[in-house]
Amino acid sequence: MQYSHILDTGHMTALSLFSTIFFFLNTIFILQSINSVSSSTAGDGFSVRLIHRDSPLSPSYNHSMTAYDRIQAAAYRSVLRLNHIHSLTTTFSSSEQDISSRIVPENGEYIVTFSVGTPPTQVHAFMDTGSEVIWVKCSQSSPVFNPAKSSSYGHHPCDSLACEALGVRRRTCAQFLDPCYYRVRYGDGSTTEGTLSHDKFAFEDPERNLVDVGHLDFGCSDYSSWHFVGNEAGALGLSRQPLSLISQLGIKKFSYCMVLPNNEGLGSRIYFGSEAVISGGQTPFLEGEDRYYYVTLIGIRIGDQNVPLPDGIFNRTSDGEGGFMIDSGTTYTFLRSEAYDALIKALSEAIDLPQRRGPSEWFELCFEGSFEDLESAAPDVTFIFDGAEVILMKQTTYIEAKKGLWCLAMVRSNEKLSIFGNVQQQNYFVGFDLEEQLVSFAPVDDCATF
């Protein structure tokens, strides 16, 4: 009996141990299965959902603003954006430019969601083809990302290659082993400062799964005088400079497809690597410009008539002024005054509808009537690039600034610089091929279906 009891006890102990091991292994299997669904690695390519800042899905959304308020605000942000880019392209030499070029001011338009650190912290940041860095608000009264709580966080010391790449004017370093610290003061008096850091990043794809991209260098800002809403805080730089997302990941292609405003709930998307769409008309990057995406605009056509423009009106000058760039962070297209005057004159002569100026200084040509009136009366506007043509939809050429008042969704540039804004890029696959050095434009019926 005693021997039998010992056997029974041993048998029960073995069963208990087996059950424990089985439960443990089964738990691991379940967790791995869940993880395989909710997260993945970037591999050759991945896509990320884009949210317009004026979408109800955006952390920047202001419920008290009317549709007309948003149009005015977007125009104002576009003007700030133009002035910002113009100051960066003309004030400093390319080797010692102020770090303000590396941190996007509070005028981005499309927001991406990603996580930083271990455990991950969710961040909303502005996508910007004109910015050179990934930047996150780290520590203020209500930090979005607290580096002290991330086990995978690290900072770059002053003697690191990443810090040296910033340039002497962009960093504050007393000792070689000190953290690489930067401080920026903008022309409008606003400031931002922080530490050049690195940590684990994962991006949220259109299905809300996380795509792991490993460690990235980023600006961890511990002070900014800009106002942010909720956990919207930072920028995702997509320029060709060393600290941008695409340079750090070695991405050679990316594209985006921005939906029309009435489809915003379905979301725009940006595609990286093998998922990028490079098709349609293609125009080369301007040689010698590796910071912004300058291209050659040959002319503008209304219907089958070319707008009379001075030769070379959109060319870059020898002192770095002027030119025509593709920019995701600017809402409305900007045309330098000579081109803008010629365009509104040609449109006013071509469209047989009552005309008047808009409700603000930015919209100089407007037509009265319904959208159907405008659609039947207004010929197509086409931007003619070197090797590509972009035919604008009526919805991306005009905006309803007030009830029954349709204004040209383009703004006068008081600088020599002209910019192709994101409104005019909607419902096109806009692709950037960094190996072939070109931008492509492929029209689609509806970006929301991709």
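**Exercise 1. Determine the handedness of the disulfide between Cys-257 and Cys-447, and state what the pair connects.**

Solution. The torsion about the S-S bond of Cys-257 and Cys-447 is about -70 degrees, so this disulfide is left-handed. The structure is a predicted model, and in it the two sulfur atoms of the pair are 1.9 Å apart.

Next, place each cysteine. Cys-257 belongs to strand β11 (residues 253-257), whereas Cys-447 lies in the segment after β28 (438-443), so the link ties together parts that are 190 residues apart in sequence.

Finally, consider accessibility, for which buried means under 20% relative accessible area. Cys-257 has a value of 1% and is therefore buried. Cys-447, with 3%, is buried as well.

**Exercise 2. Describe the disulfides Cys-138 to Cys-220 and Cys-158 to Cys-173, and give the pairing of the bonded cysteines along the chain.**

Solution. Begin with the count: 5 disulfides are found.

Step 1, Cys-138 and Cys-220. Their sulfur atoms lie 1.9 Å apart and form a disulfide. The link is left-handed, with -125 degrees about the S-S bond. Cys-138 sits in the loop between β5 (134-137) and β6 (154-155) and Cys-220 in strand β9 (residues 210-224), so parts 82 residues apart in sequence are tied together. Cys-138 is buried at a relative accessible area of 1%, and Cys-220 counts as buried at 5%.

Step 2, Cys-158 and Cys-173. This disulfide has an S to S distance of 2.0 Å. Its torsion of -90 degrees about the S-S bond makes the link left-handed. Cys-158 is in the loop between β6 and α3 (161-164), and Cys-173 is in the loop between α3 and β7 (181-185), 15 residues apart. Cys-158 is buried, with a relative accessible area of 5%. Cys-173, by contrast, counts as partly exposed at 32% relative accessibility.

Step 3, the pairing. With the bonded cysteines of the chain numbered in sequence order, the pattern reads 1-6, 2-4, 3-5, 7-10, 8-9.

**Exercise 3. Locate the residues that UniProt places under the feature "active site", and establish whether they are buried or exposed.**

Solution. The unreviewed UniProt entry places this feature at Asp-128 and Asp-327. The two residues span 200 residues in sequence, yet their C-alpha atoms are not more than 7.6 Å apart, so they gather at one spot.

Then assign each to its element. Asp-128 is part of strand β4 (residues 121-128). Asp-327 is found in the loop between β17 (324-326) and β18 (333-336).

Accessibility follows. Asp-128 counts as buried, at 3% relative accessibility. Asp-327 is buried too, with a relative accessible area of 1%.

As a last step, examine the side chain of Asp-327: a polar contact of 3.4 Å joins it to the side chain of Thr-129.

**Exercise 4. Characterise the largest nonpolar core and the surroundings of Phe-383.**

Solution. The largest nonpolar core comprises 77 residues, and those with the most contacts inside it are Phe-383 and Phe-385. Helix α5 (residues 337-350) gives the most to this core, contributing 7 residues. At least three residues of the core come from each of domain 1 (45-274) and domain 2 (279-443).

For Phe-383, set aside its neighbours within four places in sequence; the remaining contacts include Leu-297, Ile-300, Phe-324, Leu-335, Val-390, Leu-392, Met-410 and Phe-420. Gly-299, Thr-333 and Glu-389 are also among the residues that Phe-383 contacts.

As background, nonpolar side chains in soluble globular proteins tend to be buried together.

**Exercise 5. Identify members of the second core, and trace the polar contacts of Arg-316.**

Solution. A second, separate core has 17 residues, including Tyr-292, Tyr-294, Ala-401 and Leu-405.

Tyr-294 leads to Arg-316: the side chains of these two residues make a polar contact of 3.1 Å. Arg-316 is placed in the loop between β16 (305-306) and β17. A polar atom of the Arg-316 side chain also lies 3.4 Å from the backbone oxygen of Gly-322.

Thus Tyr-294 is one of the residues of the second core and is also a side-chain partner of Arg-316.

Technical notes: Residues numbered from 1 in each chain as written. Predicted model: local features only at pLDDT ≥ 70, side-chain atom pairs only at ≥ 80, totals over all residues. Heavy atoms only, no water. Core = buried A, V, L, I, M, F, W, Y, C linked by side-chain atoms within 4.5 Å. Buried < 20%, exposed > 50% of the residue type's maximum accessible area, 1.4 Å probe, protein only. Helix = DSSP H or I, 4+ residues; strand = E, 2+ residues; numbered from the N terminus. Domains from an automatic or database assignment. Contact = heavy atoms within 4.5 Å. Disulfide = S-S within 2.5 Å. UniProt positions renumbered as here; feature names shortened; annotations may be inferred. Polar contact = N/O pair within 3.5 Å; in protein donor to acceptor, adjacent residues only side chain to side chain.
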